[in-house]
Structures are given as C-alpha cells and as structure tokens.
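Student: I'd like to go through this fold piece by piece. Can we start from the inside and work outwards?

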Amino acid sequence: MNTHVDSVSPQAAWNSTETETQALLRVRGLTKLYGPNQGCQNVNFDLYPGEVLGIVGESGSGKSTLLSLLSGRILPNDGELIYIHGNGEPVDVYDCSEAARRQLLRTEWGFVEQHARDGLRMNVSAGANVSERLMAQGVRHYGFLHESAKEWMTQVEIDAARINDLPRTFSGGMQQRLQIARNLISKPRLVFMDEPTSSLDVSVQAKLLDLIRSLVRQYNLSIILVTHDLAVARLLADRLLVMQKSRVVESGLTDQILDDPQHPYTQLLVSSILQA
Ligand SMILES: Nc1ncnc2c1ncn2[C@@H]1O[C@H](COP(=O)(O)OP(=O)(O)OP(=O)(O)O)[C@@H](O)[C@H]1O
C-alpha cells in the first residue's frame, strides 16, 4: 500500500536508521506558506543516490514552491533540509550562508529550468554555456574547457561543430539538451528539474525523456522533478509525491501510485488522465 504522509514529526523522522544514514537528502517538516494552504507544508521524505523523485499535483498545489525550497532558492518558515555532501559531511542547507547554498547549486547540484532561456545565457556561445560551471570551479585551461564542452554537447546529441553558435539559433529541444549538458558537466549528484519537457512538442519530449533516463542511469544521478504530466512521471520517476493544496497527500512507488492510487485526490488525478 502507498504511504500517506504528513504525520511524521521532524524529531521522530530524524532518528537515524541504517537506511536513513545513506540518504542523499533528508527533508523534515518543510513548510513555506504564502497564505492558508498556499505554498507547501510539513513535507517529509528522504532521497537516495540514483533515485528519481517526481512531484506531481494540480496547478497551484505547491510543486514549484517545494522545488524552490529543496534547491535552497527560497527559505522555509519551518523545517529542515540536510544534504549529505560528496565529501561525506552533512550540510544543513538553511543554516549555511547564501554563498554556500549558491556554491552547492553550482557544483554538487544542478537545476534544469522549464524554459531554457532561464537556464542558459542566450548571448554567449553554446560552448561557453556548457563549460561555465567548470570555469566557476576554477578550471582555466582553454583546451580542456573546449574539449569538455564538445564532449558534453555530443553526449546530449548536439553536433559539437555548433560549439560557437548562440543558443538562440538552436531548436527548443536542443536548448533543453544544452541546458542539461551545462548542468551535468560538473558531475552534480543531485539535479532539480522543473517541468523540463513541458515547453516541447510531444515527439521532441519523448527524445528528451529518453536522454534524461539514460543519463540518470549512466551517472547514477538523483533527480527531483516537478511535472504536471503523469506520463512523464511514469517514465522518469521511481517514487512520487502527490501534492494537493500545499500538502503531500500521498507518496510511494510510481507504479503503485498510478496503478492503485489510495487518496481520493490521486484517484481523481489518475482517472482524469485516463479519460483525456
Ligand atoms: N512568491 C509568492 N508570493 C505569493 N504567493 C505565492 C508565491 N509563490 C507561490 N505562491 C502561491 O503559492 C501557491 C502554490 O504555488 P506554486 O507555484 O508552488 O504551485 P505549483 O503547483 O507549482 O503550480 P503550477 O503547476 O501552476 O506552476 C499558489 O497559490 C501561489 O499563488
């Protein structure tokens, strides 16, 4: 049976178990409210290495607010977010400096925006876009930056000969792939994705979803993905959080939730897709 969440107290949930110590991210009692039931409240979960977690729910349910909280872009009213750094040390994301959070987003984490224009620098070349995170990490060797950018463009199936072209000369699907290359070049362990395929045609979406799936496997990436599209969730996510009116009303394995939804809201969500 799926898990109905929301009732785990931060302290109880925090008590360490063997599996919890292996989590990459620990989220306890996370709350940010803009008004009654607007935002997200009392969200609890652990994310494990190589796991893809989908956040689904109707418009306004709080998905983007939760993603912004998890990526440290906004601060909560309450709750705790612990990230286990690549060096093995736990980082209390809301207790560290803004500079430290920005550093996490540039190195250990990635963020793929819904609209490529928000995640790319449109006035610099594709190659400069892709290699920027390496430069931010102090890599200065031009030949290495150039070769790495070409390798990553190839990896996301963009012709490396277009390394000097501006992103705005690329199609929507290519821009999203470029955004993915720009994020993955620094080998992040955790990537946030906000509706990464929703701005694309269906056929282009399918190709991008395939690419994301293969990159997740190849690099053992952990992903937190916001999507309103249950088909995308089914394809990419191992587990789901279903949000309604700022709360997680159901969570569990994707197939279980989509094939046997327990909460009335999830049942409605799933049946509306089947009827569409
Ligand atoms: N910066 C803000 N200031 C005030 N209210 C906000 C802010 N951000 C979000 N909200 C409110 O919080 C609620 C949740 O918004 P959020 O964008 O997180 O939902 P969502 O599930 O991502 O919706 P969508 O699928 O339409 O993007 C909404 O009622 C929204 O108006």
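**Strands, sheets and helices**

Tutor: Sure, and let's begin with β3: Val52, Gly54 and Val56 are buried on one side, and Leu53, Ile55 and Gly57 are buried on the other, which leaves both faces of the strand covered. Keep in mind that this is a predicted model.

Student: How many residues of β3 are buried?

Tutor: Strand β3 spans residues 52-57 and is mostly covered. A residue counts as buried with 20 or more other C-beta atoms within 10 Å of its own. By that cut-off the buried count for β3 is six of six.

Student: Which residue is the bridge partner of Leu53 in β9?

Tutor: Take the two pairings of β3 in turn. With β8 (residues 222-226), β3 pairs in the parallel sense over four bridges, and there Leu53 has Ile224 as its partner. With β9 (residues 239-244), the pairing is again parallel, over five bridges. In β9, the partner of Leu53 is Arg239.

Student: What is the strand order of the six-stranded sheet?

Tutor: It's an open sheet with mixed pairing. The edges are β6 (109-112) and β10 (247-253), each pairing on one side only, and the twist averages 15° from one strand to the next. Read across, the order is β6-β7-β8-β3-β9-β10.

Student: At the β6 end, which residue of β7 stands opposite Phe111?

Tutor: β6 pairs with β7 (residues 190-194) in the parallel sense, and four bridges hold that pairing. Opposite Phe111 in β7 you find Phe192.

Student: Which strands of this sheet does α7 touch?

Tutor: Helix α2 packs on the sheet too, touching β3, β7, β8 and β9, with its direction at about 150° to that of β8. For α7, the direction makes about 170° with that of β6. The strands α7 touches are β6 and β7.

Student: And the other sheet: which strands stand at its edges?

Tutor: This one is open and antiparallel, with four strands in the order β2-β1-β4-β5. An edge strand has a single partner, so one of its sides is left without a neighbour in the sheet; here that applies to β2 (38-47) and β5 (90-92).

Student: Which residue in β5 is the bridge partner of Ile84?

Tutor: β4 (residues 78-84) and β5 run antiparallel and are joined by three bridges. Within β5, the partner of Ile84 is Pro90.

Student: Why are α7 and α8 called roughly parallel, and at what angle do they cross?

Tutor: The axes of α7 (residues 172-184) and α8 (residues 202-219) come within 10 Å. Angles under 35 degrees count as roughly parallel, so that is the label for α7 and α8. Their crossing angle is roughly 15°.

Student: Is that crossing left-handed or right-handed?

Tutor: Look at α7 and α8 in the viewer, where the contact involves residues including Gly172, Gln176 and Leu184 of α7 and Val204, Leu208 and Tyr219 of α8. By class, the contact has six nonpolar, three polar and two charged residues. The crossing of α7 and α8 is right-handed.

Student: Last one: is Asp229 buried, exposed or partly exposed?

Tutor: Asp229 is found in the loop between β8 and α9 (230-236), and its C-alpha atom is 9.5 Å from that of Thr197, 32 residues apart along the chain. Buried needs 20 or more other C-beta atoms within 10 Å, and exposed means 12 or fewer. With 17, Asp229 is partly exposed.

How values were computed. Residues are numbered from 1 along each chain as its sequence is written. This is a predicted model: local features need pLDDT of at least 70, side-chain atom pairs count only at pLDDT 80 or more; totals for chains, interfaces and linings use all residues. Axes are lines fitted to C-alpha atoms, for helices over the stretch in contact, and angles run from 0 to 180 degrees between N-to-C directions. Angles under 35 degrees count as roughly parallel, over 145 as roughly antiparallel, 65 to 115 as roughly perpendicular and the rest as oblique. A crossing is left-handed if the near helix is turned anticlockwise from the far one by less than a right angle, and right-handed if clockwise. Two residues are in contact if their C-beta atoms, placed from the backbone, lie within 7 Å. Ala, Val, Leu, Ile, Met, Phe, Trp, Tyr, Cys and Pro count as nonpolar, Asp, Glu, Lys and Arg as charged, and the others, Gly among them, as polar. Two strands pair if DSSP finds at least two bridges between them.
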